[in-house]
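Welcome, and please take a moment to turn the model around before reading on. We will walk through it together, one region at a time.

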Amino acid sequence: MALLVVMKALNLLFAAEDKHYVKVTGTAHGWDVLFYIFQSMRVVLLFTVIVLIGTGWSFLKPFLQDREKKVLMIVIPLQVLANVASVVIGETGPFIKDWVTWNQVFLIVDIVCCCAIIFPIVWSIRSLRETSKTDGKAARNLAKLTLFRQFYIVVIGYLYFTRIVVFALKTIAAYKYQWVASSAEEIVSLAFYIVMFYMFRPVERNEYFVLDDEEEEAAALALQDEEFEL
């Protein structure tokens with residue numbers, strides 16, 4: 001998570017330098033190369049962090065199951081491909097023959113990755129529900145279930161806004177107002193990072209798990225409720 005924040009900060013720094021030199025001199029003077037490098041690293045890290053949190057790695061279990069490893073093995077190469085497509089789109093234009101094709105590749109790959117990172121979160125929620133029926137720790141499992149359901153909603157909201165709402169803003173806004181879409185995307189990204197990091201921050205004694213007998217009984221009843229689903 002800390003590395004992701006560093007990559008995001010460097011990505012924005014080099015993006016600012018890139019825009020500045022293009023505005024002043026007409027060329028990026030190599031800043032665009034650094035921008036694309038750190039953008040690629042940032043996006044790959046973001047999806048990796050979401051997948052690792054979604055699987056419950058280090059929070060629910062100290063290992064990854066085979067199907068979870070396969071999700072990582074699919075998402076990371078696809079994100080590399082998506083970043084290559086992003087570079088081609090950003091550095092060229094409709095005048096080249098395959099520009100539209102690269103746009104389609106980027107869109108399809110991005111959608112596949114967004115769908116793929118949802119599966120580990122759903123698997124973790126189902127696994128917690130099944131575990132809660134047998135291990136006798138209803139209150140702890142209810143707390144974890146609540147946390148993962150909240151994370152699921154946050155991820156869906158982030159993906160929806162950055163993939164659909166931002167795209168719509170860029171499409172309908174005039175060129176001089178493109179900064180509105182970029183600002184909205186960065187503000188939502190910052191909010192997403194803060195919420196995600198806060199939810200899964202390391203603590204010595206999590207208040208979620210300091211529970212008494214009454215809370216344990218109440219949690220057991222809540223987990224028996226069939227409405228406690230996604």
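What follows is a short tour of some annotated stretches, a helix, a loop residue and a pocket.

Keep in mind that this is a predicted model. A good place to begin is the start of the chain, where UniProt, in an unreviewed entry, places a signal peptide at residues 1–15. In the model that span is 93% helix and 0% strand, and its end C-alpha atoms lie 21 Å apart.

The unreviewed UniProt entry also lists transmembrane regions, at residues 39–59, 71–90, 102–123, 151–173 and 179–200. Let us look at two of them. Residues 71–90 are 100% helix and 0% strand, with 28 Å between the end C-alpha atoms. Residues 179–200 are 95% helix and 0% strand, and here the end C-alpha atoms are 32 Å apart.

Next, find helix H4, which runs over residues 99–116. H4 has 18 residues and reaches 26 Å from its first C-alpha to its last, close to the 26 Å expected at 1.5 Å a residue. Which residues of H4 are buried? They are Val109, Asp110, Cys113, Cys114 and Ala116. Seen down the axis of H4, these buried residues fall within an arc of 160 degrees, so they line one face of the helix. A general rule helps in picturing this: an α-helix has 3.6 residues a turn, so residues three or four places apart point the same way. Turned away from the buried side of H4 is a face that carries the exposed residues Val100, Leu107 and Ile108.

Now step over to the loop between H2 and H3, where you will find glutamine 65. Is glutamine 65 buried or exposed? Its relative accessible area is 34%, so glutamine 65 counts as partly exposed, between the 20% limit for buried and the 50% limit for exposed. Threonine 55 sits 10 residues away along the chain, and the C-alpha atoms of the two residues are separated by 8.7 Å.

Finally, let us visit the largest pocket, which holds about 2,200 Å³ of space. It is lined by 49 residues, and the closest to its centre are Gln39, Ser86, Phe106, Lys170 and Glu185. Helices H1, H2, H3, H4, H6 and H7 each supply at least two residues of the lining. The largest share, 11 residues, comes from H6, the helix that spans residues 138–172. Sorted by class, the lining of this pocket has 26 nonpolar, 12 polar and 11 charged residues.

Definitions and conventions
Residues are numbered from 1 along each chain as its sequence is written. This is a predicted model: local features need pLDDT of at least 70, side-chain atom pairs count only at pLDDT 80 or more; totals for chains, interfaces and linings use all residues. Side-chain values use heavy atoms; hydrogens and water are left out. On a 1 Å grid over the protein atoms alone, a cavity is a set of points where a 1.4 Å probe fits but cannot get out, and a pocket is an open set with protein on both sides within 12 Å along at least five of seven lines; lining residues have an atom within 4 Å of a point. Grid points are joined across faces, edges and corners, and a volume is the space filled by probe spheres set on the points. Helices (H or I, at least four residues) and strands (E, at least two) are DSSP runs, numbered from the N terminus. Ala, Val, Leu, Ile, Met, Phe, Trp, Tyr, Cys and Pro count as nonpolar, Asp, Glu, Lys and Arg as charged, and the others, Gly among them, as polar. UniProt positions are given in the numbering used here, feature names are shortened, and annotations may be inferred rather than shown by experiment. Buried means under 20% relative accessible area, exposed over 50%, partly exposed in between (1.4 Å probe, protein chains only). The expected span of a helix is 1.5 Å times one less than its number of residues. The arc is that of the directions from the helix axis to the C-beta atoms.
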